[in-house]
Amino acid sequence: VCFIPGGLDCSISFVSHVLGKVCVHGRQKEILGVLVPHLTDLTKSDCIWQRICWRLVECVPDRWMEAVVLGFVQGAPGADVLSRLLGNLVVKNKKAQFVVTQKMLLLQYGHTTAVLQNLLGYLSLDSLRRTLLLRVLQELLETWSSSSAVKHSPAEQQLYISKAILICLSHLKEPEIESCRQELLTSMMEGVKCHLDSSLPQLRRLGMVVAESISLKINTEGPVLKFEYEEDDETRELKSLLVQTPPFCVVPSLPDDNSSEKAGAALPLVPESNEKPHTAAPVMPDEELDAELDSDDDLTPYDMSEDKELKIKAPVYIRDCIEVLTGSRSEDVDKWEATVKALEDLVRKNPAATREVSVELAKILLHLEEKTCIEGFVELRQRAQVAVLTTDPIPVAKYLTSQFYSLNYSLRQRMDILDVLVLAAQELSCPKFHGKTKHSGVQKPCIQLLPGSDSSKDWKRIVDERIKSKTRRFDMGQSHVELASRPNEFNSVAGHFFFPLIQHFDRPLTTFDLLGEDHLVLGRLVHTLAILMYLAVNTVAVTAMGKALLEFVWALRFHTDSYVRQGLLSCISSLLLSVPTERILADMTEELLETQSWLGDVMEKDPDGDCRRLALQNLLLMENLKKKLEAVPS
Amino acid sequence: MALPPPDPQFVLRGTSAAVHTLHFSCGGPEPDIPLLFSGSENGFIHVWNLKTHRVDSALDGHGRKSVYCVETMGGKDRLLSQGRDQRICLWDLAEGRTSVTDSVFTEHVGFCRCSLLKVAQGRWLMAMAARSLEEVQILELPSKTSVCTLKPEVGAKLGMPMCLKLWQLNCDSQPVLLAGYEDGSVVLWNVSMGKALSQLICHQEPVMSLDFDAEKAKGISGSSEKVLSIWSLNEQQNLQVYKTHELVNAGISDITIRADKKILATAGWDHRIRIFGWKKLKPLAVLDYHTATVHCVSFSDHSNPRERLLAAGSKDQRISVWSIYAQT
């Protein structure tokens with residue numbers, strides 16, 4: 001497109017019309033792909049071209065303005081280029097203002113970070129537009145700190161808004177921050193509260209990162225807000241947005257982080273190596289060595305092979321352990337530590353003795369608090385609890401499930417109960433010999449030693465080995481890997497784990513209200529029930545469990561917390577996988593049909609991506625069920 | 001083939017409380033009975049007869065508060081003891097008496113043992129931790145006049161003094177003090193001028209005990225960590241780290257170098273006494289007798305080298321006495 005330079009007046013409104021029409025028909029990329037680079041070059045230093053460009057976009061009719069602006073914002077290589085191309089369009093044109101400040105930020109969330117940088121950078125580059133920037137920030141913060149938005153909007157949208165907030169903050173100057181410091185503080189406090197309330201860890205982290213960044217900006221001196229969370233790519237990316245990199249720096253800041261980390265790590269090494277030669281300097285000169293050798297040879301050392309690390313002996317009997325753990329003698333902390341470390345093994349090696357005191361031991365472990373600083377205390381305690389539960393499942397399960405609904409336990413303790421139940425159920429239902437590994441790694445293809453406590457089974461092993469050693473084998477052939485089987489120990493106790501947990505969920509206690517504030521625990525409970533359901537495959541109680549679970553899910557299906565909903569959908573999956581097909585179709589047909597329509601609803605309308613995915617999975621499982629049934633000749 | 005470590009020559013029982021400090025007095029001429037003084041947690045000082053292995057007398061002067069330091073002042077008739085009742089008592093034990101002749105109220109609530117140095121006939125200097133947190137006070141005994149107070153500079157953050165050693169190279173030179181502090185550093189102080197000459201960070205944890213060989217200008221310190229630190233003093237009176245030795249188990253309560261400077265003994269929290277050669281810190285023996293942490297070790301001052309003994313007091317209320325490397 002050629003233009004006549006010079007002082008000639010020309011109207012370019014027809015070009016604007018063409019541009020607008022093309023964009024609205026969806027061809028933004030093509031036309032702007034050609035136009036924008038040209039205009040970028042032309043407007044670099046030539047004011048006239050800049051003005052021409054501005055006139056161009058200003059003359060686009062309103063009905064096509066959105067498409068054009070969107071195209072420019074997406075196509076421009078940087079905020080400064082966008083500024084040259086669009087000028088103060090957003091100030092002059094209402095439609096453009098709406099698109100840039102409202103639609104692209106609050107109503108859409110699919111744009112990339114680069115587009116956000118362009119947009120907000122553009123707003124920050126001119127004093128006229130900066131008021132818009134502040135207004136945008138205010139509105140973004142309002143959304144970020146509104147609890148209903150946090151609860152109901154999808155995670156992707158929340159991430160988008162967080163990014164926008166951080167980029168806005170990076171553009172703000174000191175006087176502007178001064179003027180809106182109070183509002184920033186209020187929004188931050190409210191927003192942090194809503195985010196930390198959420199059950200999804202990703203949202204909690206988003207809230208923490210944004211709050212830290214706001215705090216950093218408004219408190220230039222004095223302590224800043226600092227949360228503890230695990231850094232991952234997302235948080236690093238978010239934090240990198242706070243600092244404005246110079247234009248055309250498309251390289252993300254992650255490689256910079258790595259190199260600065262390495263540089264930081266290299267530094268401490270250098271002073272250390274500097275110290276060593278300093279201390280090595282006053283080493284005795286060699287002449288002294290010979291003279292000293294004589295006198296030292298007189299003293300012959302004694303045998304010091306017994307000199308090993310001191311190990312405090314743990315008690316050998318379970319009842320002794322109980323005494324140590326409940327004892328009030330604070331001096332014997334070494335013994336207490338040794339007991340805690342040795343307890344799991346002792347329980348597993350002495351099942352009969354454990355069964356005598358199982359409930360007492362479970363009680364002690366549930367209330368056991370860290371007396372000294374042992375590494376991995378929480379894990380040690382949990383493993384001991386799992387050991388006790390698997391050794392004597394029924395009474396201990398009864399105790400634990402009753403305590404789950406009792407007064408005066410912390411949320412952490414209640415969730416610990418759920419964890420222990422799940423781990424024990426996993427162990428009981430898996431055909432393994434030692435519950436040492438939580439997750440089955442590669443199954444070792446060898447003949448495993450049978451549990452040593454039952455001597456009646458030992459003879460079999462001895463006889464087998466004797467036969468093996470005596471027979472000559474001519475051709476080994478393919479070694480048969482036979483996983484030795486064991487009765488499913490979870491069968492007799494599945495009901496004891498499951499039903500008490502599901503019974504009282506709707507009865508609030510003074511300190512514990514599953515359906516109210518404590519929705520985090522409710523979420524964990526639902527997930528636990530799903531796992532128990534899954535592990536109950538091939539048990540006798542599975543059908544009854546399935547029915548009860550369906551009712552439970554039905555009652556809670558409209559819960560507002562997405563973590564709970566995800567759990568409910570997992571429950572349905574476990575149900576469909578565990579309960580035998582014939583029983584599902586015989587006993588639960590109507591409920592299943594209702595569930596199917598609910599699942600369809602969830603799949604289409606649920607704001608949470610994971611929920612939608614799980615609902616789809618469940619529908620597919622149901623389809624498979626139907627097909628299986630049709631395949632079986634009746 | 002190395003020999004197994006020796007058993008104790010004998011074991012003294014009867015303190016009925018953890019033993020915190022020991023001191024031999026065996027240097028007297030023949031009719032004198034060799035004695036061992038022990039201070040216990042129940043506030044008693046027991047005087048053990050090393051011929052009969054029984055308690056000759058029990059001194060009660062600290063109001064049943066733990067006694068953590070005993071020293072003799074020129075012979076077994078004069079005894080100095082320090083207890084948790086914040087007092088240092090001077091005893092007259094001649095001719096069967098057991099009376100406290102004098103006492104110093106230190107106002108020190110810690111566990112820092114005082115250090116004695118004889119500077120002239122009948123005159124001693126005593127270094128002790130004072131009331132104020134980081135200070136060490138030097139007193140002259142028996143007059144109890146204050147010679148000086150050694151204060152670290154403001155902001156030094158050394159913490160409490162944990163162990164002290166007063167020494168002088170020979171009778172004519174200046175007395176100097178080595179002090180180990182809570183922050184793991186050892187400071188060399190000039191007593192007459194009252195200022196610090198050198199400071200060295202030996203440990204990451206508090207210095208529990210130290211001992212110094214004035215002839216070789218080398219010292220050793222132990223702490224609650226696994227490392228023994230050996231440091232030396234050069235001509236400019238500067239402390240430098242000489243070497244370190246890593247132990248099997250962490251925690252040292254006491255270190256003492258034998259008078260002939262050939263071996264040293266450490267008392268460990270792991271219930272073991274370790275013997276090292278002093279020249280090169282060669283590990284020589286690990287004496288494993290006690291069943292609780294060993295609080296103190298002490299070498300005897302027998303004039304006949306073959307009779308030399310090593311005593312160790314422990315939390316298990318026993319004092320083990322060993323004869324080790326007495327032939328050299």
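Start by selecting chain B and showing its surface: the chain exposes about 13600 Å², and carbon and sulfur atoms supply 49% of that area. Keep in mind as you go that this is a predicted model.

**Chain B as a whole**

Switch chain B to a cartoon. You will find 28 strands and zero helices. Next, colour the chain by burial: 58% of its 328 residues count as buried. If you draw contacts for chain B with a separation of 6 or more, residues 24 or more positions apart account for 43% of them.

**Inside chain B: Ser40(B)**

Now select residues 35-40 of chain B, which form strand E3, and pick out Ser40(B) in that strand. Is Ser40(B) buried or exposed? Its relative accessible area is 0%, so Ser40(B) is buried. To see what surrounds Ser40(B), leave aside residues up to four places away in sequence and show its contacts: Thr15(B), Ala17(B), Ala18(B), Val19(B) and His20(B), together with His46(B), Ser66(B) and Val67(B).

**Over to chain A: helix H5**

Select residues 79-86 of chain A, helix H5. Seven of its eight residues are buried, so the helix is largely enclosed by the rest of the structure. Show these buried side chains as sticks: Ala79(A), Val81(A), Leu82(A), Ser83(A), Arg84(A), Leu85(A) and Leu86(A).

Which helices do the buried residues of H5(A) pack against? Add H2 (28-42), H3 (47-58), H4 (62-75), H6 (89-92), H8 (113-124) and H9 (127-144) of chain A to your view, and you have the answer. Before leaving, step just past the end of H5(A) to Gly87(A), which takes a positive phi of about 60°.

**Last stop: the cavities**

Three cavities of 30 Å³ or more turn up in the structure. The largest cavity holds about 80 Å³ of space. To find it, select Lys151(A), Ser153(A), Pro154(A), Ser562(A) and Asp608(A), the closest to its centre of the 13 lining residues.

Then colour the elements that give two or more residues to this lining: helices H10 (147-152), H11 (155-171) and H29 (562-578) of chain A. H10(A) makes the largest contribution, with three residues. By type, the lining of the largest cavity divides into six nonpolar, four polar and three charged residues.

Finally, colour chain A by domain. Why does the largest cavity lie between domain 2 and domain 4? Domain 2 (126-244) and domain 4 (422-430 + 488-633) of chain A both give residues to its lining, so the cavity lies between them.

Definitions and conventions
Residues numbered from 1 in each chain as written. Chains lettered and ligands numbered in written order. Predicted model: local features only at pLDDT ≥ 70, side-chain atom pairs only at ≥ 80, totals over all residues. Heavy atoms only, no water. Helix = DSSP H or I, 4+ residues; strand = E, 2+ residues; numbered from the N terminus. Buried < 20%, exposed > 50% of the residue type's maximum accessible area, 1.4 Å probe, protein only. Contact = heavy atoms within 4.5 Å. 1 Å grid on protein atoms, 1.4 Å probe; cavity = no way out; pocket = protein on both sides within 12 Å on 5 of 7 lines; lining within 4 Å. Points joined across faces, edges and corners; volume = space filled by probe spheres on them. Nonpolar A, V, L, I, M, F, W, Y, C, P; charged D, E, K, R; others polar. Domains from an automatic or database assignment. Areas by Shrake-Rupley, 256 points an atom, 1.4 Å probe, with all protein chains shown as cover.
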